[in-house]
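This report addresses helix burial, domain contact, salt bridges and aromatic pairs. Please consult the sequence and the structure below while reading.

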Amino acid sequence: MRTPLRPLTRRGLLTGTLGSAALLAAGGSVAGCGTKAATQTEAGCVSEDLSGTEKKLAFSNWPQYMDVDEKDESKRPTLDAFVAKSGIQVTYTEDVNDNNEFFGKVQNQLAGCQATGRDIMVLTDWMAARMIRLGWIQKLDRSKLPNVDANLLPSLRNRSFDTENQLAIPWQSGLAGLAYNGKVTKEIRTVDELLTRPDLKGKVTALSEMRDTIGLLLQSNGHDPANFTSAQFDDALNKLKKAVDSGQIRRFTGNDYAPDLAKGDIAACIGWSGDVIQLGFEDENIAFVVPESGVMLWSDNMLVPNKATHKGNAEELINYYYEPAVAAQLAAYVNYICPVKGAQTEMEKIDPELAENPLIFPDEAMLSKSRVFMALDEKQEREYEAKFQQVIGA
């Protein structure tokens, strides 16, 4: 049975109470004092693992990002099964509402090598990269993650901010690409069409998430979003500025483009796969397009922060969610890209239609055209965000 359409997608929450502009303020400083965030080292901030004697785990995640029982929403089938199987009691909290907001919650403790009270937290690529850069994340023992080693999708391995797959393990992933409403426009295939086609003028939106919008434009210029120069960034930004100045782009959005696309108030946009899947359940005229030049792939990642005292228990849970049958059960509820090989076969037993959905289980052709945005250092993060905000008028 298909999960009912939920009113607010996980990805849309990225542009919640704090958006990209807040990144410039929060950047690399400790909240309230403006001093540089303290960088830690593995040797200088040692964490003790009490998993051998304490069978418990504190897990912070985004809202609506865990399967629930439709008849009893207090039950979380996959998580409840883990507790029963492992004997580890999990305190599950949906307290990640925005990457920057969550950074503000934990930065003072992590900067001071203090416990946050969390053993696992789920954060998006760029925020995971920032925390890794600051030395705030514990390395995982890969020998305790055989399912991850065996089943993590190749496209999500060896990312620039975690080249050895031992700091950030994908929970779920998604795509940023193009979308259009077939009731009000003909098909689009390229980013350049979106930005220049006369019939779309004033009927286009783009994302206020810099990494997704600029990543797609970098690809459209023949550059690699996973490895680009400042000059190449500026070329992509100039292309975007021309589309803004010409009136081609109506505005920049979070996932609030979704209702406008559904109504036909906008004809086409840069959008997120999770939104478009849900819109497509309601209206088959809404289509997600992987541009010919490529698509952006992002993930929300499981991280174990410094001073978390149950790393071994966390590794056991992470490994559990990389069992294909468990991953399929989770994906059937959340409807994002499942990062686990073998889950598609298991999904056929749950929902054959979802098993065939390329936005949940992309084929190799789609994944081969996907890129993860390059990890930025603090200087690059500030410089690129400032330039982008100026162009989009934020």
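## A largely enclosed helix

Helix α10 spans residues 273–282, and 7 of its 10 residues are buried, so the rest of the structure largely encloses this helix. Buried here means under 20% relative accessible area, exposed means over 50%, and partly exposed lies in between (1.4 Å probe, protein chains only). The buried residues of α10 are Ser273, Gly274, Asp275, Val276, Ile277, Gln278 and Leu279. These residues pack against β4 (169–181), α9 (257–263), β7 (268–272) and β8 (286–289). Contact is defined as heavy atoms within 4.5 Å, and the elements are DSSP runs numbered from the N terminus, helices being H or I of at least four residues and strands E of at least two.

The model is predicted: local features need pLDDT of at least 70, side-chain atom pairs count only at pLDDT 80 or more, and totals for chains, interfaces and linings use all residues. Residues are numbered from 1 along each chain as its sequence is written, and side-chain values use heavy atoms, with hydrogens and water left out.

## Two domains and their contact

The domain assignment of the protein chain gives domain 1 (56–172 + 300–355) and domain 2 (174–297 + 378–392); such bounds come from an automatic or database assignment. The C-alpha centres of domain 1 and domain 2 lie 28 Å apart. The contact takes 10 residues from domain 1 and 10 residues from domain 2.

Domain 1 and domain 2 bury about 960 Å² between them, 56% of it on carbon and sulfur atoms. Buried area is the accessible area (1.4 Å probe) that two parts lose on being put together, summed over both. On the side of domain 1, Trp126, Asn335 and Ile337 lose the most area to domain 2, together 47% of what that side buries. Between the two domains the count is 2 salt bridges.

## Salt bridges

A salt bridge requires a side-chain nitrogen of Lys or Arg within 4 Å of a carboxyl oxygen of Asp or Glu; by this rule the count comes to 26. Asp95 and Arg118 form one such pair, at 2.9 Å from N to O. Asp95 lies in the loop between β2 (89–93) and α3 (99–111), and Arg118 in the loop between α3 and β3 (120–124), 23 residues apart. Both Asp95 and Arg118 are buried. Asp192 pairs with Lys239, their closest N and O atoms being 2.7 Å apart. This pair links helix α6 (residues 191–196) with helix α8 across 47 residues. Asp192 is partly exposed, at 35% relative accessibility.

Arg130 forms a salt bridge with Glu381, with the closest N and O atoms 3.6 Å apart. Arg130 and Glu381 also belong to a network of salt bridges with Arg133, Glu209, Arg211 and Glu385. In addition, Arg130 lies over the face of Phe103, at 4.6 Å from the ring centre; the criterion is NZ of Lys or CZ of Arg within 6 Å of the ring centre and within 35 degrees of the ring normal.

## Aromatic pairs

The structure holds 14 aromatic pairs. Rings of Phe, Tyr and Trp (its six-membered ring) pair if their centres lie within 6.5 Å; planes under 30 degrees apart count as stacked, over 60 as edge-to-face and the rest as tilted. The ring centres of Phe228 and Tyr384 are 5.9 Å apart and their planes stand at 40°, so this pair is tilted. Phe228 lies in the loop between α7 (210–220) and α8 (230–245) and Tyr384 in helix α16 (residues 378–392), so the pair ties together parts 156 residues apart in sequence. Phe228 is buried at 6% relative accessibility, and Tyr384 is buried at 1%.

Phe59, Phe82, Tyr92, Trp171, Tyr320 and Tyr321 form one aromatic cluster.
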